[in-house]
Amino acid sequence: MAGAAAGGSPGGCAGRSPGTVVIAPDTFKGSVPAREVAAALSSGIRRAAPSAWVVAVPMADGGEGTLAAVTADGEADWDIEVHRVTGPDGRPVPARWGTRAGTGGTLAVVELAEASGLGDMGPDADPMRATSRGTGELVRAALDRGARSIVLALGGSACSDGGAGLLSALGARLLDHSGRPVTEGAAGVADLAAADLRTLDPRLRDTRIVIAADVDSPLAGPGGAAEVFGPQKGLDAQQVRRTAQALRRAVPILAEAARRSGGVAWSERVVGAADEPGAGAAGGVGFAALGLLGAVRRPGVEVVSELVGLEDKVATADLVVTGEGSLDTQSLAGKVPVGVAGCAARRGVPVVAVCGRNVLDPAQSAAAGIDRVWALSDLAADETESMARARELLETVGSRIASDRSRLAAGVPVQAGSGGSREE
């Protein structure tokens, strides 16, 4: 069992130990990866309660860190490869992806952020040229390895190309008015005049693709890919409008290409996909996957929970600890803490959330199934200190969580709601 502490025994411990503690956090973005969050909390818990049985289960919501989360369990036989692919700004980047044998054939996990992530954009790169091509190259590599199922984790993208790069890497021909291939990125999509889908990789027809995403935006419109996420990727107001218009125009062009290549049903699927929740994920890569690759969308935290076996681990727990960098209203819309809390609620296991900062009120936390919240910001002078000392503070919080549980086991009441007071 990954993350189990030495000492104690599964299923609970005698005396004042907190028993079995499952630690299932997301990354504290910009500060600490999920695996290190879990390790720091585990260390703190073991320091205060050496007999506790601790199970670390790093989590993700389908965005950055998904591959690391699903392959963290040493008991699962994942084969991790690194391919050099086309990065978001056209320069080659090393991108990791993983495969695992299963009863239904080989499963592959492809994380878009590895190949087309915002962090790989050069400082002078044009966001209108950012491409998802590298992600398509990873999908093609997975097909070459015989993958029958592919989990495509969408999040942390640099692109707003509607999945044009992804489709091109998989064989689609996207053409401008002169019959030449369009250039990369949203700028190329703006020049799209025709498409030929007959050259799409035929292996895709026999491959089940699941997009894991916590974004429920449609492709275009007020809540669309460009309108909501374009500014985060460097698009100015004029570029946002141009990109949104290009994405809207691309739908009937691709639908017509689908009709010519595969019939009316495929064409209708492309049109309908533009309005499906998740179509706007990763700058419209969600749309391309849903409409043209036959993918289905599932909440990222749900997909990751299944891949890491969270339900089985929580079933043996006396306490679940989860968390992320910021616990806020966005957390309530399918982020890791609420997903983990829902899993724990089905088993009747109490939940403690740890975060860098907390802006939820006690009623919101309780409604989400979270019994207590610890914020690192309550233990530091300001956010800068909180982030700089995050690992140390996580250990401190782990110790306090264990101490609280020990006092409860001894019949000593503890303060409910948010926890923590600044260290001097």
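The following paragraphs go through the confidence of the model, then two groups of strands, two helices and two loop residues.

This is a predicted model, in which local features need pLDDT of at least 70 and side-chain atom pairs count only at pLDDT 80 or more, while totals for chains, interfaces and linings use all residues. Residues are numbered from 1 along each chain as its sequence is written, and side-chain values use heavy atoms, with hydrogens and water left out.

The average pLDDT (the predictor's confidence in each residue, from 0 to 100) is 91 for the protein, and 91% of the residues score at least 70. Over residues 1–16 pLDDT stays under 50, and for this stretch the model has 42 contacts (heavy atoms within 4.5 Å) beyond four places in sequence. Residues 420–424 also have pLDDT under 50, with 17 contacts beyond four places in sequence.

Helices (H or I, at least four residues) and strands (E, at least two) are DSSP runs, numbered from the N terminus. Strand E1 covers residues 20–25, and because six of its six residues are buried, E1 is largely enclosed by the rest of the structure. Buried here means under 20% relative accessible area, exposed over 50%, and partly exposed in between, with a 1.4 Å probe and protein chains only. In a regular strand the side chains alternate between the two faces of the sheet. In E1, Thr20, Val22 and Ala24 point one way and Val21, Ile23 and Pro25 the other, all of them buried.

E1 pairs (at least two bridges found by DSSP between two strands) with strand E2, residues 53–56, in the parallel sense over four bridges. Val22 is opposite Val55 in E2. Between E1 and E2 the chain passes through helix H1 (residues 34–48), and this β-α-β crossover is right-handed: with the strands pointing away from the viewer, the path from the first strand over the helix to the second runs clockwise. E1 also pairs with strand E11 (residues 319–327), in the parallel sense over five bridges, and Ala24 has Thr322 of E11 as its bridge partner.

An open sheet of six strands follows the order E3-E4-E5-E6-E9-E10, with mixed pairing. Its edge strands, E3 (79–86) and E10 (296–299), each pair on one side only. On average, neighbouring strands of this sheet are turned by 30° against each other, direction ignored. Within the sheet, E5 (residues 106–111) and E6 (residues 147–153) form a parallel pair over six bridges, with Val110 opposite Leu152 in E6.

Two helices lie across this sheet. Axes are lines fitted to C-alpha atoms, for helices over the stretch in contact, and angles run from 0 to 180 degrees between N-to-C directions. Helix H4 (residues 133–144) lies across E3, E4 (92–100), E5 and E6, at about 140° to E3. Helix H11 (residues 300–308) lies across E4, E5, E6, E9 (208–213) and E10, at about 80° to E10.

Ser132 sits in the loop between helix H3 (112–116) and H4. With a relative accessible area of 0%, Ser132 is buried. The side chains of Ser132 and Asp161 are joined by a polar contact of 2.9 Å, that is, a pair of N or O atoms within 3.5 Å; within protein, one must be able to donate a hydrogen and the other to accept it, and residues adjacent in sequence count only if both atoms are side-chain atoms. The Ser132 side chain also reaches the backbone nitrogen of Leu166 at 3.0 Å.

Ala282 lies in the loop between helix H9 (264–273) and helix H10 (285–292). Ala282 has a phi near 55°, a positive value in a residue other than glycine, and counts as buried because its relative accessibility is 9%.
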